[in-house]
Amino acid sequence: MEFNVGIIGCGSITKYRHAPEYKANSHVDEIIFYDRNPERAQSLANEFNGRTAKSVEELLQDPSIIAISDCSSNEVHHIHTTKALLNGKHVLVEKPIAVSSEYAEEILEAERKSGKKLMVDHNQRFTKAHQKAKEIIAKKELGEVLTFKTSFGHEGPEKWGITKSNATWFFKKNRSRYGVAGDLGIHKIDLIHFLLDDEIEDVQAFHGALDKVDEHGDSIEVCDNVVSILKTKKGRLGTASFSWTYYGKEDNATTIYCQKGVIKIYHDGLDPLVVEMNDRTIIKYDVEQIQTNDNQTNSGVIDAFIDCIINDKTPPVTGQEALASLKVIESMLGENVIRN
Ligand SMILES: NC(=O)c1ccc[n+]([C@@H]2O[C@H](COP(=O)([O-])OP(=O)(O)OC[C@H]3O[C@@H](n4cnc5c(N)ncnc54)[C@H](O)[C@@H]3O)[C@@H](O)[C@H]2O)c1
């Protein structure tokens, strides 16, 4: 089975992940690109041997397109993704699913009405070390999980986004909404939910704009750092830190403390996945390193999205799960209290 796919938004995530991964998938014939900046769409169409659409409507009315990636900036996800679903397309939307839980609910309503697949790109679930860690935890090889620590930080999105400038939408409240919490934090909240098969039910956090400045040299409107303490429904306690001001190497480390040992994932200077048993035995797993801004390998997300379309499976990251993580982020920033 071969079909075409459309991509809305032709910035960095499309260039480095969605377009190359669709190109590598044998079920995808052609990629049709749309961006409100037509030069960006044309440039990717040239690079990936595809074509461009002049509007979202043209993309959505093209019967050869079965599935859409919504890779636009956060503030328009609910508009594009809802339209695409209601026009009969399967959708993979970038994280965060939307810039409010109310908008996320609109997307979920469109998913129900359309009967199409909706998947959200919480790609941390797909890395080999995270998958293996989940298996160890699920099999209770180390007994019960007691506590956890997770962090995600790098030097900031002004070096990543297509504009490569401090005028980036990531720094604007009306476009990114949640700053580093919605950019990096939501990945780790989703990861903790996934690894622990549990959900965060209570959050306390400090957040602030400590160092980043916009194009005018003024402090940015959204947070560039968050430190938080978390409690899950099953009673696990944890901490999480998210930062756009870790100016050294990217930090993607997670530690899970269990009754019989400790799982260390992506700790700098260690193998990607290390288990330290209580008797001091150390097990190193031979799994690949995580994708970083400087190390782009196949995330597996596009293959999983195509697989759930072709084989009529539930997407591996559902809209409902993405909404649960979004609510934790809103709670962290004091914008909403998690309601279960
Ligand atoms: N899953 C991940 O690991 C990951 C990593 C980075 C970014 N993202 C997410 O991907 C999305 C895009 O981020 P990016 O890094 O590619 O940003 P970017 O700034 O590099 O690119 C965004 C593109 O979207 C286009 N766009 C914005 N509004 C549009 C509209 N209304 N219609 C059409 N095109 C529009 C812009 O012109 C730009 O080309 C964001 O939601 C971001 O949070 C996810």
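## Polar contacts to the ligand

Let's start right at the ligand: one of its oxygen atoms is 2.6 Å from an N or O atom in the side chain of Trp160. Keep in mind as you look around that this is a predicted model. Asp35 also reaches the ligand through its side chain, with a polar atom 2.6 Å from a ligand oxygen. Ser72 takes part through its backbone instead, where an N or O atom lies 3.4 Å from an oxygen atom of the ligand.

How much of the ligand's accessible area does the protein cover? On its own the ligand has 860 Å² of accessible area, and the protein covers 93% of that.

## The shell around the ligand

The ligand sits in the largest pocket. Two elements give two or more residues each to the surrounding shell, namely helix H1 (12–23) and helix H4 (77–86). Of these, H1 gives the most, with three residues.

In total, 28 residues surround the ligand, and the closest are Asp35, Asn74, Trp160, Ile162 and Trp169. If you sort the shell by class, you get nine nonpolar, 11 polar and eight charged residues.

## Between two domains

Why does the ligand lie between domain 1 and domain 2? Domain 1 spans 3–123 and domain 2 spans 124–295 + 318–332, and both give residues to the shell, so the ligand lies between them.

## Two backbone spots to check

Most peptide bonds are trans, and most residues other than glycine have a negative phi. Here are two places that depart from this pattern, should you want to inspect the backbone: the peptide bond joining Lys95 and Pro96 is cis, with omega about -10°, and Arg177 has a positive phi, near 65°.

Both spots can be placed in loops. Pro96 belongs to the loop between strand E5 (90–93) and helix H5 (101–114), while Arg177 is in the loop that runs between helix H7 (173–176) and helix H8 (179–196).

How values were computed. Residues are numbered from 1 along each chain as its sequence is written. This is a predicted model: local features need pLDDT of at least 70, side-chain atom pairs count only at pLDDT 80 or more; totals for chains, interfaces and linings use all residues. Side-chain values use heavy atoms; hydrogens and water are left out. A residue is near a molecule or strand if one of its heavy atoms lies within 4 Å of it. A polar contact is a pair of N or O atoms within 3.5 Å; within protein, one must be able to donate a hydrogen and the other to accept it, and residues adjacent in sequence count only if both atoms are side-chain atoms. Accessible areas come from the Shrake-Rupley method with a 1.4 Å probe; for residues, only the protein chains shown count as cover. On a 1 Å grid over the protein atoms alone, a cavity is a set of points where a 1.4 Å probe fits but cannot get out, and a pocket is an open set with protein on both sides within 12 Å along at least five of seven lines; lining residues have an atom within 4 Å of a point. A molecule sits in a cavity or pocket if more than half of its atoms lie within 2 Å of its grid points. Helices (H or I, at least four residues) and strands (E, at least two) are DSSP runs, numbered from the N terminus. Ala, Val, Leu, Ile, Met, Phe, Trp, Tyr, Cys and Pro count as nonpolar, Asp, Glu, Lys and Arg as charged, and the others, Gly among them, as polar. Domain bounds come from an automatic or database domain assignment.
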